[in-house]
Amino acid sequence: MKTVNIETDVLVIGAGGAGMSAAIAASGSGAKVVMVDRSLIGRGGATIMAQMTVAVALGEQVPDAWQRHYADTLKAGRGLCSEPLARLLCESGVDAIRQMDRWGVGWARDGERLVQAQAPGHDRPRCVYVDYLNTGPAVAKTLRTQVAQDDRIQRLGDILVVDLLVEQGQVVGAVALHLTTGDALLIQASATIVATGGLTRLYKRNSASLNMGGDGYALALRAGARLIDMEFVQFFPIGHLAPRLVGFDPIMWDPFRYKLGGRLLNGLGEEFVEKYGHAAEREGYTVTRDAATYAILKEVEAGRGSPAGGAYLSFQHVPEATLRKAFGPIIDKLAAQGIDLTKAPIEVAPIAHYHMGGIRVGVDMSTDIEGLYAAGEAVGGANGANRLSGNAITEAITFGFQAGRSAAAHARSGQRVAADRLVELAGPALALLETAPVPAPSINVAALIAGLQAVMQTHVGPFRTEAGLGRALEEIASIKRKLGEALPGGDGPQDPVRLDALDLRNMLLVAEAVTRSALARRESRGAHQRDDFPGMDEAWTLNQLLGWRDGHWMLETRAVERLPVEDVATDDESQGVRT
Amino acid sequence: MSKQDNPGMICLNVQRGVGGSETRVQRYELPEGAAASLLDGLRWVREHLDDTLAFRYSCINANACKECMMLLDGKVVYACLARLQPGVEHTVAPLANKARIRDLVSEIAPVKERFGAAGDDDEQ
């Protein structure tokens, strides 16, 4: 008979920036916390990959107010930001980022003041960072240290949560796979926080880590919680394409552009961004991500791409001394791989980078299901149809703190189910995990995942059509049939076949969620561009909510949540500032 | 396929096994250009030849997660940083000073972050 392996007040799933922030806040509110991660604690996920900008209205360089940041966030979000969530990000972000400073993250300083860089979409310099390209690692390390010093937080790596357990509309625990042994684990929790990040692993070209296959969305869907605006996948316009670089994150050129500008050129060596109605690049790095993605892919489509199928990014006009001053050690690492920015441009192309959609939450981070919370990129709605540069880390920490406090409060009042009832609820998930290994299986799960990534890149990427999305649904169904009901693998510790099979099960569900939402939105807005419905349609200034019950999808539209204008009006002092 | 026909072919001789069980060496042949880094090579093997080969990584190419440590030709490397040489016979093995879990996956998590490892502080 299976018994309960882990008991806790608050279960945090995912130990990236959002998960660690949630654990710290839940513990700070008096809860006993167990934080699990499918990988190592504080080393996987997206936070650690962040290279530079963290947007927050600190007013260190020029006067600023959170309302200005909020106005820019809403503008970038093309009318779809859930305003209470956007406000939380911008307003509480100020304290969160100051708290990180007090914890010694090491934001870059210019004398006494923090440096705040200008980034696209912001009306003034607003982005703090840690040199050189070290923002994510520094944030992750700072949070890891805080978590490790907290006796109320138990950290457990190599644990993959397979399903949440729901009793009478309330999440009461989870079934997980302990990767180190291959054993199933039963976790009892009074409140659970999903902090598993986004879904960029669904795409062939991505800037994600392996862990970002959207598993938190699948957990939430199967538990009965709804998702919001799943069609909005942000493509980062200038991901590294060629020549092959080993050991660098593909979004590495963004910080170069913040500091040095750089010129985006088509295959003929011409500047092209202004052709699509945006300010010329010589005015600075101002074009937003959705617009740049559009411009690059349209040039490629017109036969004016770079040899590897993207655009050129050139820093040849930047003197070597300037390059060295901005990125000294990085310049040496590039030289070791034969790249000299003073001599030749590199090639870049759009890659899946962030997901604006996600789990629908209230401003307290509670989902549709009692006892279930979400934090960070797993949350949908704060960034609308397009995320403003620098909002992701601010969101991770701010929403993490919020979710941790809310979950701890819930855990104080929540009732635990009896252990034998928990075992009963876990039955189907345990049966799934106990599927015996298939001798000499005929499918390769790693190849099936690669196949799904190719389908999503081709048909559910930055440009979409009804025909392509329909094709994607057929391909998803076909991969689902190949995977079958039983799970391949299951042969002891760290079995990569079983791990991929569990991931693919989630990825297929989430891929379908994105595709169905994209099919329904018959307009183009932000990161969702329909070739068959060009242009924004005012009538579509709506969010889409998606649920999944007993194998059926339920998609509906909802008015965007707004705040009274007077609550978010900018004060006079910062309004008068010109930058 | 043989090396005479494909001078650019990459050969990976990978030490495999579960826990403390017997170790066997499995040879994988990758066509020229299939992979630049060792991690690319191992991922290519899983997608094209053998999805049962176990190795761990998280960030793929950024050298941020520090999970993909293993031995390449006897030296400790990050698989995402180590470059493969066309035409060379490489040996790939798990870390020598950590317990093997499966194939190239070693027990690298700090003791305090492992489930069921209370009191097991042999590596701290």
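Student: How far apart do the C-alpha centres of domain 1 of chain A and domain 3 of chain A lie?
Tutor: This is a predicted model, in which local features need a pLDDT of at least 70, side-chain atom pairs count only at pLDDT 80 or more, and totals for chains, interfaces and linings use all residues. Residues are numbered from 1 along each chain as its sequence is written, while chains are lettered from A and ligands numbered from 1 in the order in which they are written. Chain A is divided into domain 1 (12-232 + 356-427), domain 2 (241-350) and domain 3 (435-536), with bounds that come from an automatic or database domain assignment. Between the C-alpha centres of domain 1 of chain A and domain 3 of chain A, the distance is 24 Å.

Student: Which element gives the most to the side of domain 1 of chain A that touches domain 3 of chain A?
Tutor: Taking two residues to be in contact if their C-beta atoms, placed from the backbone, lie within 7 Å, 27 residues of domain 1 of chain A are in contact with 28 residues of domain 3 of chain A. Helices (H or I, at least four residues) and strands (E, at least two) are DSSP runs, numbered from the N terminus. On the domain 1 side, strand 8 (159-167) and helix 5 (215-223) of chain A are the elements that give two or more residues. With 4 residues, the one that gives the most is helix 5 of chain A.

Student: Which element of chain A supplies the largest share of the side that touches chain B?
Tutor: The contact takes 36 residues from chain A and 32 residues from chain B. On the chain A side, the elements that give two or more residues are helix 4 (135-148), strand 7 (153-156), helix 12 (445-459) and helix 14 (496-520). The largest share, 4 residues, comes from helix 12 of chain A.

Student: Is P120(A) buried or exposed?
Tutor: P120(A) is placed in the loop between strand 5 (113-114) and strand 6 (127-128) of chain A. A residue counts as buried if 20 or more other C-beta atoms, placed from the backbone, lie within 10 Å of its own, as exposed if 12 or fewer do, and as partly exposed in between. Because P120(A) has 21 other C-beta atoms within 10 Å, this residue is buried.

Student: Which element gives the most to the largest nonpolar core?
Tutor: A nonpolar core is a set of buried Ala, Val, Leu, Ile, Met, Phe, Trp, Tyr and Cys residues joined through C-beta atoms within 7 Å. The largest such core has 225 residues, and A176(A) and A79(B) are among those with the most contacts inside it. With 13 residues, the element that gives the most to this core is helix 14 of chain A.

Student: What is the radius of gyration of chain B?
Tutor: Chain B comes to 1 helix and 7 strands, running β-β-α-β-β-β-β-β from the N terminus on, and its C-alpha atoms fill a box of roughly 55 × 35 × 25 Å along the principal axes. The radius of gyration is taken over C-alpha atoms, and the globule rule is 2.2 Å times the number of residues to the power 0.38. For 124 residues a compact globule would therefore be near 14 Å, which agrees with the value for chain B, 15 Å.

Student: What is the mean pLDDT of chain B?
Tutor: pLDDT is the predictor's confidence in each residue, from 0 to 100. Over residues 119-124 of chain B, pLDDT stays under 50. In chain B, 90% of residues reach 70 or more, and the mean pLDDT is 90.
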